[in-house]
Amino acid sequence: MSPAQQIARRRTLAIISHPDAGKTTLTEKFLLYGGAIHLAGSVKDRKAARATTSDWMEIEKQRGISISSTVLQFDYEGHAVNLLDTPGHKDFSEDTYRVLTAVDAALMVIDAAKGVEVQTRKLFEVCRRRGVPIFTLINKCDRPTRDPLELLDELETVLGIQASPINWPLGNGPSFRGVFDRLSSQVHLFERMAGGGAYKAPVKVASIGDAALRAQLDELSLAAATEQLAMLDGAGHAFDLAAVHAGAQSPIYFGSAINNFGIELLLRGFLRDSVPPAPRHSISRMAPGLPAPTTAREVPVAHDKFSGFVFKIQANMDPKHRDRIAFVRVCSGRFTRDMTVTHQRTGKSVRLSSSHKLFGQERETVDEAWPGDIVGLVGHSEFGIGDTLTEDRSIFYDEIPRFPSEVFAYLSSTSPAEAKKYRTGLAQLLQEGVVQSFQVRNAPSDTTLIAAVGTLQFEVVQHRLRAEYKADSRLSPAPWTLLRWIEPHPRLADLSSIVVASGVSFGHDKFEQPVVLFPNDWSLNYFVEKNPELRLHTLPLEQVAQSGSGQSAQSGANAANAV
Ligand code: G4P
């Protein structure tokens, strides 16, 4: 197969959802269709492993999930699908956000009885910021659902994306009988299956006027569906592939993952309408050892030189594999095992010998990979999140997304004898991007202010310091719940001139960009009201500039809660 064919057949996606909407179930059903049948039915094992408490063992299991299933690759009807799994627990959202930088599309799962939930909204925002196409499964249609038109309306108003239903549910809850495929004008009848649909569901196809359908669907449901479909045809958004590719329209599928119903329609539709690996943007940046900065440009996926970036680092908690894996998204060229590339942040040459594909608990050596693929590189303590690896030194990716932290704490060493090990370990973990760190005025001495999306990330830091660096640490509370980056302004030279509520502090991030920390929404709103000339952002300024989006969150409680 030629390089162009290899690239064209690849699809790299992540599934996003609020916990319990059915992400795990859908993942496993995809694997079932992709031929990895032995994995289907293990929902329960993974479910058991999902952390819902802050107990350490639970975290370990949680990490276990994300290690064992980080990238699932399967073939389906000629396509090579890379499905990037994301941790289910909200405290690991930052991991999820980063994984989303490595995909070309997202599949959003929504519980038909609940609609758009908090976590869906946050993850959706991260995808939208990157403009990736978003496909939607409205799941659990075998159970009573909310009015489907109301669900579409919610997608449009809450998420601000056009919803274009590809198929439409017939009946609701106990009377659910299937979906009408608007593209083919055919009906796919639903059959409840024993055992939660462990095998491919048989799909019977009939026309909308089919007597067999009328025999199955009660009159009320048929009348409702007919009326709804007429409304959609008249007033709904027509399917617009260009809008889908631009991330402005989401194709909507109704189905039931547990029953395998509608899943193959979704997978086929996704593969038909999604995009192959998209070119990435290389920025202008001074890389060590180069005489001049790299030039900003799009790097074509078909470029003959390999390039990729690290989007996730996983320290393995499994005692059998106590090591560290950097996950690299291949962006251009062909990856081959043992190749020598440049690690652009340090300018050093590195040989990529220990390359793996991770599937379930298994590790398989990867000899070759193409744009869209993910390679796990074992060892390489020098790699950090966002680092570029390339054969072409003129490429420098800037895929280091940072996200607004929601929890803050001071970390310190517990013993002077361990201080050196503690400092080395913490520096390494910060470089990896396990948590963010900030400098604030008047911080207690010998502490580092660390920040994350969820407190379990702090526990991971403490555990890793102990396990990998033999350094105990102490965590003490810090009084803030919100952080904003602030645009440069002459008034920042004299902080006493800025009116703030009590408990508000000024500081800066590791790139010396100024930040303001707030104890609560009220103090943030007060700041905005009293200092209208100072502009606050939920993201670091360079990210705001890149996204060019409304992330310029001049605050207010709503913006304060935005991702
Ligand atoms: P998540 O990864 O998004 O958190 O969700 P997961 O797949 O674990 O699904 C959450 C619950 O919803 C599970 O039930 C799962 O069986 C159920 N579920 C998933 N898809 C469907 C569907 O199409 N219809 C119905 N009725 N249920 C569905 P559970 O009781 O929490 O776990 P289990 O005992 O079934 O494993």
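This is a short chat about the ligand site and one helix pair in a predicted model.

Q: What should I know about the model before we start?
A: The model is predicted, with local features needing pLDDT of at least 70, side-chain atom pairs counting only at pLDDT 80 or more, and totals for chains, interfaces and linings using all residues. Residues are numbered from 1 along each chain as its sequence is written, and side-chain values use heavy atoms, with hydrogens and water left out.

Q: Which residues come nearest to the ligand?
A: Of the 19 residues around the ligand (a heavy atom within 4 Å of it), D20, K23, T24, T25 and S256 come nearest.

Q: And how do those 19 divide by type?
A: Four are nonpolar, seven polar and eight charged, where Asp, Glu, Lys and Arg count as charged, Ala, Val, Leu, Ile, Met, Phe, Trp, Tyr, Cys and Pro as nonpolar, and the others, Gly among them, as polar.

Q: Which helix gives the most to that shell?
A: α2 does, with three residues; α2 (23-33) and α3 (43-48) each supply at least two, helices being DSSP runs of H or I with at least four residues, numbered from the N terminus.

Q: Changing topic, how do α12 and α13 pack?
A: Helix α12 (residues 419-432) and helix α13 (residues 455-469) have axes 10 Å apart and an angle of about 125 degrees, with axes fitted to C-alpha atoms over the stretch in contact and angles running from 0 to 180 degrees between N-to-C directions. That makes α12 oblique to α13, since angles under 35 degrees count as roughly parallel, over 145 as roughly antiparallel, 65 to 115 as roughly perpendicular and the rest as oblique.
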